[in-house]
Amino acid sequence: MDLRAAAAGALAARLSPRYLEEHCLIPLGLEDDSTLTAAAGMPLDPTVLDELSRIFERPVRVVPVEAAEIRAALLAARPAAPADTETIAPAPDDAAAVAVGDLRALANEAPVIQFVNVMLLDALKAGASDVHVESTTEGLRVRMRLDGVLRDISTLGKAHQSGILSRIKLLAGLDIAERRVPQDGRARLALADREVDLRVSTLPSIYGESAVVRLLDHSTTARGLAELGLSAELEARFDRLIHRPTGLILVTGPTGSGKTTTLYAALGRVNGAAVKILTVEDPVEYRLAGITQIPVNRRAGLGFGSALRSMLRHDPDIIMVGEMRDRETAEIAVQAALTGHLVLSTLHTNDAVGGITRLVDMGIEPYLVSATVEAILAQRLVRVLCDACAEPIEPTSAELATAPASVAKRIDRRFRRPRGCEACSGTGYRGRRGIYELFVPTERIRARVAQGATLDELRALARDDGLITLREAAWEAARTGLTSIAEVLRVTAADEQ
């Protein structure tokens, strides 16, 4: 049931906001023109039921709902502030700025607390990776990133803007009085008996602050290697690589492409009583039994570089570095790979071969890159078509012109497109799956890396050696009906010839 829509609907408008809040109820709809269905957050007194029956001239059926959800929906449906309200949020040192004590009071109002809690809980239940709370001319716009795509959830008037943003900042330990500069913080909450880490980032804008909350659910378990969507051949090759005793294995891709999930799956495959595995992460996303996991703590002076140095003194067999962000971390990781350790890490590059030149750009000598890199796995996440509503299509000649020859000429093509139904909430997609590009340097490529070869040259050599690119892997997923052509074009870039 859409409580927010019902709270702003015509049935709710027949009752005063104060009456709805006092009795914690929202009229939902009329059943067969004979019964009123109402959501209630607490048992309703018989006199209240009589009043509702008299006002709507029909019997009332009550549906129990969490009180916090009803109050949050009522808050979202409240009218915005008067028209003379300032549209641009004042700077903290402005004479018109809200005092810190007032901000704290707004942030601690029960409806504000309930709205933020329900917003985060809804995001958690939906499987959203991020919640975006954005200041606009009208107030606040709330969106969630589901399956990699943002969706509008609700809008609120400017009357609630300061309170909700201040509440989010309080949760993350940020300075609620400072609204001129970006801030970053984190928090750990218990939502619906699940422990969740929040990473909060705020930015100033012309209409006030905006915040993004990333949710990391510790109650979910890390996926196994067989669950990632790797083909049988690719999984077997990657499995052999992660069982090597030494070297550097990298996973590349943009933020949110599932790199860390892949690393966890690899660690789960090699974990055992005979090996010691240490990780340094920012933050620790999943808890892995039998593995020592170290969270980065920059305030205490523990960054990736310093943690990695200390880890080498603990006699590890395998080291996982959450991300190679700077030259210091990359140098230590390369030295560890040279001195008898298997090192797994991530990089932000567009493709697998680009990981080689990225390391060189970070200041690692080409001969060291050549000697240590065992493999680079690039990946993206594509949305999977909903089997309940996806419909078959015949691709246009223009679409097939962008496809690799190996896909365009296959006679067993089973392309589908999204339509949208109740099962997939009208999106046409349900869940996501990885597509992969595995680059394993051959001896001739290693020689060219050591000699300082360009990225274009390395890509050409890799293609000659049989590299299957991300675009090819995505088109193969579309050919088999797993995803759509539109999703292939959205997620991957055309291969450079």
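Trainee: Why does Q161 count as buried?

Mentor: One thing before we dig in: this is a predicted model. Now, Q161 has a relative accessibility of 6%. Buried means under 20%, so with its 6% Q161 goes into the buried class.

Trainee: And where is the place of Q161?

Mentor: Q161 sits in helix α8, which covers residues 161-171.

Trainee: What makes the link between the side chains of Q161 and S135 a polar contact?

Mentor: The cut-off for a pair of N or O atoms is 3.5 Å, with one atom able to donate a hydrogen and the other to accept it. The side chains of Q161 and S135 come in at 2.9 Å, so they pass as a polar contact. The Q161 side chain has another such partner, the side chain of K158, at 2.8 Å.

Trainee: Which residues does Q161 touch, not counting those up to four places away in sequence?

Mentor: S135, G139, L140, Y207 and G208.

Trainee: S135 has come up twice, so to speak. Which way does S135 point from β4?

Mentor: S135 points the same way as V131 and V133, while D130, H132 and E134 point the other way, and all of these are buried.

Trainee: How do you know that β4 is mostly covered?

Mentor: Just look at the count: 6 of the 6 residues in β4 are buried.

Trainee: What makes β4 and β5 a pair?

Mentor: Two strands pair if there are at least two bridges between them. β4 and β5 share 6 bridges in the antiparallel sense, so they meet that requirement. D130 stands opposite R145 in β5, and a hairpin of 3 residues joins the two strands.

Trainee: How many bridges does β4 have with β9?

Mentor: There are 4, again in the antiparallel sense. Here H132 of β4 faces V212 in β9.

Trainee: In what order do the 6 strands of the open sheet come?

Mentor: The order is β6-β5-β4-β9-β8-β7, with antiparallel pairing.

Trainee: What makes β6 and β7 the edge strands?

Mentor: Each of them pairs on one side only. β6 is residues 149-157 and β7 is residues 183-191. From one strand to the next, the twist averages 20°. At the β6 end, 8 bridges join it to β5 (residues 139-146), and the two run antiparallel. For example, M144 has R151 in β6 as its bridge partner.

Trainee: Which helix lies across β4, β5, β6, β7, β8 and β9?

Mentor: That's α7, residues 110-126, which runs at about 20° to β5.

Trainee: Let's go to another part of the chain. Which residues on each side of β2 are buried?

Mentor: T35, T37 and A39 are buried on one side, and L36, A38 and A40 on the other. That fits the total for this strand (residues 35-40), where 6 of 6 residues are buried.

Trainee: In what sense does β2 pair with β1, and in what sense with β3?

Mentor: With β1 (residues 25-31) the sense is antiparallel, over 6 bridges. With β3 (residues 60-64) it is parallel, over 5 bridges. L36 has L30 opposite it in β1, and its bridge partner in β3 is V60.

Trainee: What makes the right-handed β-α-β unit?

Mentor: β2, helix α4 (residues 46-56) and β3 do. With the strands pointing away from you, a right-handed crossover runs clockwise from the first strand over the helix to the second.

Trainee: How do you know that L44 is buried?

Mentor: L44 has a relative accessible area of 16%. The limit is 20%, so 16% puts L44 in the buried class. L44 is in the loop between β2 and α4, and it touches H23, L25, L49, L52 and V62, leaving out residues up to four places away in sequence.

Trainee: Which residues have the most contacts inside the largest nonpolar core?

Mentor: L248, M324, I356, L359 and F439, in a core of 53 residues. Helix α12 (residues 327-338) gives the most to it, with 6 residues. There's also a second, separate core of 33 residues, including V116, L146, L165 and A211.

Trainee: Which residues does L248 touch, beyond those up to four places away in sequence?

Mentor: Among them are M324, V334, A337, V343 and L359.

Conventions
Residues are numbered from 1 along each chain as its sequence is written. This is a predicted model: local features need pLDDT of at least 70, side-chain atom pairs count only at pLDDT 80 or more; totals for chains, interfaces and linings use all residues. Side-chain values use heavy atoms; hydrogens and water are left out. A nonpolar core is a set of buried Ala, Val, Leu, Ile, Met, Phe, Trp, Tyr and Cys residues joined through side-chain atoms within 4.5 Å. Buried means under 20% relative accessible area, exposed over 50%, partly exposed in between (1.4 Å probe, protein chains only). Contact means heavy atoms within 4.5 Å. Axes are lines fitted to C-alpha atoms, for helices over the stretch in contact, and angles run from 0 to 180 degrees between N-to-C directions.
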